[in-house]
Amino acid sequence: MEIDIIQLATQCPDMMLSVKASDLLTFGRNIKEEILESLREDRKDSGTQDSETLLTREETMKKFGISSATIWRWKKCGYLVPVRVGSMDRYRLSDINDILQAKGGEL
């Protein structure tokens with residue numbers, strides 16, 4: 001006989017329960033597996049963010065056809081925010097494509 005412990009705890013919050021240690025271990029392992037599976041699914045859904053393509057400063061300047069001074073100004077005013085990788089700036093391809101799309105340019 002299975003009992004929904006969450007429903008039971010909600011309906012009777014002051015109720016005392018006796019649980020076998022082996023059942024408690026099984027319960028804990030089941031919860032752990034459910035959480036891990038949920039995290040795996042979330043990671044699959046956000047896989048594009050994890051594997052985001054980053055371009056160098058030179059690649060970004062070439063993609064836009066802009067000078068070093070322009071990319072510096074864009075960085076300073078927050079128009080194109082770089083990602084710091086060590087001591088170097090990298091630029092998200094998705095951010096670049098968003099700017100190009102908004103300006104009616106090619107991707």
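Helices are DSSP runs of H or I with at least four residues, numbered from the N terminus. Under this scheme, Leu24 is found in helix H2. The model described here is predicted.

The chain contains six helices and three strands. Read from the N terminus, the order of these elements is α-α-α-β-α-α-β-β-α. Of the 107 residues in the chain, 16% are buried. The chain exposes about 8,800 Å², and carbon and sulfur atoms supply 54% of that area. Among the contacts with a separation of 6 or more, 43% are accounted for by residues 24 or more positions apart.

A nonpolar patch of about 1,000 Å² is present on the surface. Its members are Ile5, Ile6, Met15, Leu17, Val19, Leu24, Phe27, Ile31, Ile35, Leu36 and Leu39. Two elements, helix H1 (5-11) and helix H2 (21-45), give two or more residues each to this patch. Helix H2 makes the largest contribution, with six residues. Leu24, one of the patch residues, has a relative accessibility of 52%. Exposed residues are those over 50% relative accessible area, and Leu24 therefore counts as exposed.

The largest pocket encloses about 560 Å³ of space. Its lining consists of 14 residues; those nearest the pocket centre are Ile3, Ile5, Val19, Asp23 and Phe27. Helices H1 and H2 each supply at least two lining residues. The largest share of the lining, four residues, comes from H2. Helix H2 thus provides the largest share of the nonpolar patch and also the largest share of the lining of the largest pocket. Ile5, Val19 and Phe27 are listed among the patch residues and also among the lining residues nearest the pocket centre.

Charged side chains were examined next. Side chains of opposite charge can pair when their charged atoms come close. A search of the whole structure finds five salt bridges. One of the pairs is formed by Lys32 and Glu33, with the closest N and O atoms 4.0 Å apart. Lys32 has a relative accessibility of 46% and so counts as partly exposed. Glu33, at 42%, is likewise classed as partly exposed.

A further salt bridge joins the side chains of Glu37 and Arg40, at an N to O distance of 3.4 Å. Both residues lie in helix H2, where a spacing of three residues places them about one turn of the helix apart. Glu37 counts as partly exposed because its relative accessibility is 35%. Arg40 is also partly exposed, with a value of 42%.

The side chains of Asp89 and Arg84 meet in a salt bridge with an N to O distance of 2.6 Å. Asp89 has a relative accessibility of 11%. The buried class covers residues under 20% relative accessible area, so Asp89 counts as buried. Arg84 and Asp89 are linked with Lys75 in a network of salt bridges.

Key. Residues are numbered from 1 along each chain as its sequence is written. This is a predicted model: local features need pLDDT of at least 70, side-chain atom pairs count only at pLDDT 80 or more; totals for chains, interfaces and linings use all residues. Side-chain values use heavy atoms; hydrogens and water are left out. Patches are made of residues with over 30% relative accessible area and no salt bridge: like charges are joined within 9 Å, nonpolar side chains (Val, Leu, Ile, Met, Phe, Trp, Tyr) within 5 Å. Accessible areas come from the Shrake-Rupley method with a 1.4 Å probe; for residues, only the protein chains shown count as cover. Buried means under 20% relative accessible area, exposed over 50%, partly exposed in between (1.4 Å probe, protein chains only). Contact means heavy atoms within 4.5 Å. On a 1 Å grid over the protein atoms alone, a cavity is a set of points where a 1.4 Å probe fits but cannot get out, and a pocket is an open set with protein on both sides within 12 Å along at least five of seven lines; lining residues have an atom within 4 Å of a point. Grid points are joined across faces, edges and corners, and a volume is the space filled by probe spheres set on the points.
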